[in-house]
Every structure is written in C-alpha cells, then in structure tokens.
Amino acid sequence: MGACQKDFESAVNQVKLLKKDPGNEVKLKLYALYKQATEGPCNTPKPGLFDLINKAKWDAWNALGNLPKETARQNYVDLVSGLRSSSDSSSQVKSEADKKRAGYDTLVITSEDCITKIMLNRPAKKNALTTQMYREIMLALEAASKDDSTITVFTGNGDYYSSGNDLTNFTDIPPGGIEEKAKNSAILLRDFVDCFIDFPKPLVAVVNGPAVGIAVTILGLFDLVYASDRATFHTPFSHLGQTPEGCSSYTFPKIMGPAKAVEMLIFGKKLTAGEAYAQGLVTEVFPDSTFQKEVWTRLKAYSKLSQNAMHISKQIIRNHEKEKLHAINAEESRILQERWLSDECMNAVMDFFSRKAKL
Ligand SMILES: CCCCC/C=C/C(=O)SCCNC(=O)CCNC(=O)[C@H](O)C(C)(C)COP(=O)(O)OP(=O)(O)OC[C@H]1O[C@@H](n2cnc3c(N)ncnc32)[C@H](O)[C@@H]1OP(=O)(O)O
C-alpha cells in the first residue's frame, strides 16, 4: 500500500530530527523526491552553469522524469525510514567511538602507548578534506600538543590516505559571493598550515594509500613519513588552475631539489612511494601486506624515548625556519585566494563534477 499524506508529512519532520548529516547525495535524493511528491515532474528552467548547487538540485529532480507523485511520496518515506535505522545503529557505534575521543565527526582520534593517532575518517570520499575536517584537524592538533603523548600520528581510514581538498568546498558559496568564499578559504588554509608549522611534538604521517594535493604538500612539514608501497603522491595543481600550498613552494625544492619539485608542483607528476622515497619526501616504504604491523611496532618503540629530549630536538631542528615558513604560508594562501577566482580554477572544479555526473 502507498504511503499516505500523514506518513509523508511525518517523514518530512523526521528528516529535520536526523542526528547525522546524511551527506549531499542523499540530501539531493530527498530534495528531488519531495519536489516530485509535492509539485510533480520538474518543469522549472534549468539553472545556469555556475549556479552549481541549484543545478545539482534541478538535475536530481529532473532525473525523476514522470514518476507519479504517490510513488515519489512512498520512496521518500522509505528513504527516511532507512536513514533513521542507520542513524540509530550508527549512534551505537558512536558510543564506542565516544570512548576514544568525543567531539569529532570526521576524524577518529585515539591515544595509546604515548601515541596520539589522528585518523581521517571519510573513506567513502577518499578522505577528501571538508571545511569541517580542516577545523577538526586544527582542534585535534591543539589537543595533541597538550596531551601526554610523545608522538602524534596522521593516517587515513580506507584505501586512501587523502584525496586532498574536498572540491565541494568550492560549491558552498556564502551570501558575499565567491570573493567572500575565496577570502574565507585563504584564511582557513593559512590557519590550517600554521598549525603544522607550529606543532611542537614529532609528527608522523602513516601514508596508507594514495595522497593528493594538500595531503601531499603538508608532508614537507612532518618529521617522519612512512608509506605503504600502494601509496602515490600527486599534486595536480596546474590541472586544477591552482598553485602550491602547505609551504611546498619552499619545502619541496629544499627536500628534493628544484628540478624534481617542479615536476611535481608545476607539471603534476604523480610519484610512486618508491620515487617519493628516492626524492626524500618519504622516510621509508613498507610492503602493504606488513605496513601496519611494521610501522606501529616501530612507532611504539620510538614513543618510549625521552619525551623532553625529542621535543627539544624538534625545536632545534625546526625553529630557525618557523618565521620563514609562516611568511611563505601567508604568501601561498594570498596567491591561491586569487587563483580560486580564476576561470581556470572554476572550470576545473566543474569538470570534476560533470565527469562524475556522466558516471
Ligand atoms: C580550504 C583549503 C584549500 C587548500 C587547497 C588544497 C588543494 C588540493 O588539495 S588540490 C587536490 C584536490 N583533489 C583532487 O583534485 C582529487 C579529486 N578526486 C579525484 O580525482 C578522484 O576522486 C580520485 C583520483 C581521488 C579517486 O578516484 P576513484 O578511485 O575513481 O574514486 P571516486 O572518484 O569514485 O571517489 C569516490 C567518491 O569520493 C569523491 N571524492 C574523492 N575525492 C574527492 C575530492 N577531492 N573532492 C570531492 N569529492 C571527492 C568522489 O567524488 C566520489 O564521490 P561519489 O561519486 O559521491 O561516490
């Protein structure tokens, strides 16, 4: 039997009470079904190419074609019911996670054996970094700098380490328009990278899989980079109409020499883990089959070394460059703010989403 109007209205109200954001894809489905159920087939004009959000909504609604209102209503009710049960079970999982570290939606943070582990936790999106995630990472670094761990480790959940900046960050345009968006993003980027420059304890990247964009550049500010032989390192900035960040315009030429840095940062050459090791970006590469075991055994041994000696040594090694790194970070962020407003950059982001739409 089809869903009655009462069931439908109740489902509409339940959506507002969901504990967990169901994600953009589901929200688009809900939007489309709601419009179909209440107004029938889409017959409004298609929004312009640059009006990304309204265009995505229109596409989702239009894709429902002539689906009858009653079926749309029923599908909406079924979708909400599925969301409610998964949200109930995920809150049980969450209470487990709460035992670890509460307050983070996009990261899993654990402290064990004097090691604080910050795990990027959006595996379905290849751990792409949303605005919320940048902010949570900054909070996590602040907390880790003060906790009683000796070493802080970054890693990714799933098959990727991280696919870099989440390109949907560019589609959420505030009332002040794209200029305001670019300005806010540049401030966020600068603050984010500053946290890595200033981080006082040994910082280790456990690169479990491919890394892209800012997830690669920032590695130049880490103290150890351990990589699985499945990992790759890719900075496709010119493909995206963008320019280097994370202080890589300085750290990469210093680490690997200008010629190799140019291949990566200007021409977007993707490195294997072995190549990244040969060029000094990676400390050591491990076979994927034994990666976790070998790396964590090593880190546990390191974490027992004298805490103060390690922290003071890091200061001696890093402090004399801090001022320079902050200035470079400010300059890279300023240049990117301009780049984000360029047609080249906007077209590249739209290309990414239109490629997706064809899949
Ligand atoms: C505010 C500070 C800004 C700092 C500036 C930072 C700059 C950068 O980091 S530049 C680099 C940006 N990253 C990219 O350009 C990568 C884009 N993604 C890809 O090219 C591919 O997704 C891939 C190569 C990383 C993986 O390809 P594949 O194995 O084919 O998997 P899918 O493409 O199907 O990905 C699964 C799922 O995840 C979504 N996704 C992955 N990466 C991103 C991303 N960076 N931004 C947004 N979404 C991403 C992808 O769209 C898929 O989503 P669904 O289709 O909804 O499943």
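In this predicted model, a backbone N or O atom of Ile 214 lies 3.0 Å from an oxygen atom of the ligand. Two side chains make polar approaches as well. In the side chain of Lys 125, an N or O atom is 2.5 Å from an oxygen atom of the ligand. Ser 163 places a polar side-chain atom 2.8 Å from a nitrogen atom of the ligand. On its own the ligand has 1100 Å² of accessible area, and the protein covers 76% of this.

The surroundings of the ligand consist of 23 residues, and those that come nearest are Lys 125, Ser 163, Asn 165, Leu 167 and Ile 214. Sorted by class, this shell holds 11 nonpolar residues, six polar ones and six charged ones. Two helices that take part are α6 and α13 (343-358), each with at least two residues in the shell.

Helix α6 leads to the strands. This helix spans residues 177-198 and, together with strands β3 and β4, makes a β-α-β unit that is right-handed. Strand β4 covers residues 203-207 and runs parallel to β3, with four bridges joining the two. Within this pair, Val 153 stands opposite Val 204 of β4.

Strand β3 also has a partner in β2. Strand β2 comprises residues 115-120, and its pairing with β3 is parallel, over six bridges. Here the residue opposite Gly 156 of β3 is Leu 120. Between β2 and β3 the chain passes through helix α5 (residues 131-146), in a β-α-β crossover that is right-handed.

How much of β3 itself is covered? Of the six residues in this strand, 151-156, six are buried, and the strand is described as mostly covered. The cover extends to both faces. Ile 151, Val 153 and Thr 155 are buried on one side, and Thr 152, Phe 154 and Gly 156 are buried on the other. Val 153, on the first of these sides, is the residue that stands opposite Val 204, while Gly 156, on the other side, stands opposite Leu 120.

The loops between these elements can be taken in turn along the chain. The loop between β1 (107-112) and β2 contains Cys 114. Cys 114 is not a glycine, yet its phi is positive, at about 65°. Its relative accessibility is 41%, so Cys 114 counts as partly exposed.

Past β2, the loop that leads to α5 contains Lys 126. This residue, too, is other than glycine and has a positive phi, near 55°. Lys 126 is partly exposed because its relative accessible area is 33%, a value that falls between the 20% limit for buried and the 50% limit for exposed.

Is Asn 169 buried or exposed? The residue is found in the loop between β3 and α6. Asn 169 has a relative accessibility of 10% and therefore counts as buried, as the cut-off for that class is under 20%. From this position the side chain of Asn 169 reaches the backbone oxygen of Leu 129, at 3.0 Å.

Technical notes: Residues are numbered from 1 along each chain as its sequence is written. This is a predicted model: local features need pLDDT of at least 70, side-chain atom pairs count only at pLDDT 80 or more; totals for chains, interfaces and linings use all residues. Side-chain values use heavy atoms; hydrogens and water are left out. Buried means under 20% relative accessible area, exposed over 50%, partly exposed in between (1.4 Å probe, protein chains only). Two strands pair if DSSP finds at least two bridges between them. A crossover is right-handed if, with the strands pointing away from the viewer, the path from the first strand over the helix to the second runs clockwise. A residue is near a molecule or strand if one of its heavy atoms lies within 4 Å of it. A polar contact is a pair of N or O atoms within 3.5 Å; within protein, one must be able to donate a hydrogen and the other to accept it, and residues adjacent in sequence count only if both atoms are side-chain atoms. Accessible areas come from the Shrake-Rupley method with a 1.4 Å probe; for residues, only the protein chains shown count as cover. Ala, Val, Leu, Ile, Met, Phe, Trp, Tyr, Cys and Pro count as nonpolar, Asp, Glu, Lys and Arg as charged, and the others, Gly among them, as polar.
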